[in-house]
Amino acid sequence: MDRNETHVLIVGGALTGLSAAVFLAHQGIRATVLERHPDLLIHPRLRGITPRTVEVLRQAGLGPALRAESFHNEGRPFVPLRADTLADAYEPVTEVVDEPFVDPRTYSTSSYVMIDQDRLEILLRDRARQLGADVRYFTEATALDQDADGVGVTVRDRASGAEETIRADYVVAADGSKSRIRAWLGIASDGPGVLFDTVTAIVDADLSATVRGRRIGIAYLQKPRPFTSMMPYDDHGSRWLFSTGYDPRHESVADFTAERVADMVRDAAGTEGVDVSLRPQIPGTDVTVLGFPIGAQVARSYRSGRVFLAGDAARTQPPTGGFGGSTGIQDAHNLAWKLAAVLTGTAGPGLLDTYDAERRPYGRLAMQQAFARFGDRMADGAQVELLDFPALTTGFRYASAAAPGSHGTDPVPVGELRAQPGTRAPHRPTADGGSTLDLYGRTFVLLAGREGREWAEAAKELGTALGVGIRPCVLGTDIDVEAGEEAHGIGARGAVLVRPDGFVAWRSRAAATEPAAVLAGVLRTVLARQD
């Protein structure tokens, strides 16, 4: 392929787009990323990522880098607080008080990783390029035309104005909440819409004396006006993300001068006389204040032909709860292995229908829960029941043809994950210090009980016959796991088929008379094979 051809064209080079490039390249698929800005945005946006998100990034080789770049110790909880100003007494938000902390290392390979989005995007970009992805900055998509064989995207170099057409097999629209591609496709969205508008600034201000050593993840404040928040950008209380609500009908982002923002930061901190300076947020520019709409809505479809919506292009939600970034990364993770399977001929195109079937219900759930937490923290209280956070972020469940036997999409409490079809396969520590989760990431895995060798042999033969990568693994023989059968809801002669993304496709609690025939039927269903 030359510069103007690619397997997958990703429009949008922020968190979701770069994640898609990493996961596709990890599967051996050529991906090209277009980003309209001249470089990455220097803005934290998200505060951290969930254990499940760490798991999927770990599959792509980013585990050590995440640990090196995180700014809090593992296991240290994120603490959202409410107060009038930073100087006042803090009140923990309701869901933190009401929801007992469950150590993620009891159900995952990782705890939460506290890392800002701009730092994470640098890691993703470097990894994507290392794996062979082509990441292009200051380049925007201006038109899109798809047919039965592919998609032609007209792109413009924003520096020179030159235009060219890139031909791709598929396109991933990761171009944010104001997605041009979603608009071009005519895909409507449902939900409350824009809740309020906010301006943000990265400020240097030594507020350590005001904080007085108290732990803050994010502080929701009433001064200088409602919808104000401050989030520490470091562990020393000297750099902060400041944001506050504004009404674009009566004022503009340009009205928030450096002097005005500095005064607002002092009001929010509840202190006078502190030096406050603003940092540029877009590399190569002097832009120090940005405006963002905060909203909640979900696209009515995540797919139109050969084009897929992911991340904020597919759904938006308030930052309360920290679901947005992790949800976008996992959109990309779910889609990448499916695109890879179709592009390499191991799956039929019908597999791609399961992306919308699996991710859109979860996107709606995450949006609703973020909106509820927005009400709890910043408005008039939660409008719906607040669900258990670990279940919501790790125990979510898919129901589609790619997970035969799944029963609905209600999240499963993490302590009850037993390889139910449609759920993320359980984490069980292995004798070598690893986890059963380390088995997943590239291929299917057939995990059989201690006496289930016939399942493993059938999987090996079937993989060769169908040209599908399947790794057979017998508990107690190929991998040493304590109580492995119990953890996976099977007997000694049972088996579990796990997809490349680590989700359970199918489970048999016991032996079968013809295991090869059973597995063949399951794989053909999961992969939408017609042969």
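Helix H1 (15–26), helix H2 (51–59) and helix H9 (324–343) each supply at least two residues to the lining of the largest cavity. Keep in mind as you look around that this is a predicted model. Two topics follow: the cavities, and then a sheet with a helix lying across it.

**The largest cavity and its lining**

- Among the three helices just named, H9 is a good place to begin, as it gives the largest share of the lining, three residues.
- The space inside the largest cavity comes to about 80 Å³.
- The count of cavities of 30 Å³ or more is six.
- You can find the lining residues in the structure: Phe23, His26, Gln27, Val56, Gln59, Ala60, His333, Ala336, Trp337, Gly441, Pro500 and Asp501.
- Sorted by class, this lining holds six nonpolar residues, five polar residues and one charged residue.

**The four-stranded sheet**

- Follow the strands in the order S19-S18-S20-S21 and you trace an open sheet with mixed pairing.
- At its edges sit strand S19 (470–474) and strand S21 (504–508), each of which pairs on one side only.
- From one strand to the next, the twist averages 15 degrees.
- Strand S18 (residues 444–448) and strand S20 (residues 495–498) run antiparallel and are joined by four bridges.
- For one pair to look up, try Val445, whose bridge partner in S20 is Val498.

**The helix across the sheet**

- Helix H12 (residues 453–466) lies across S18, S19, S20 and S21.
- Relative to S19, helix H12 runs at about 165 degrees.

How values were computed: Residues numbered from 1 in each chain as written. Predicted model: local features only at pLDDT ≥ 70, side-chain atom pairs only at ≥ 80, totals over all residues. Heavy atoms only, no water. 1 Å grid on protein atoms, 1.4 Å probe; cavity = no way out; pocket = protein on both sides within 12 Å on 5 of 7 lines; lining within 4 Å. Points joined across faces, edges and corners; volume = space filled by probe spheres on them. Nonpolar A, V, L, I, M, F, W, Y, C, P; charged D, E, K, R; others polar. Pairing = 2+ DSSP bridges. Axes fitted to C-alpha atoms, helices over the stretch in contact; angles between N-to-C directions. Contact = heavy atoms within 4.5 Å.
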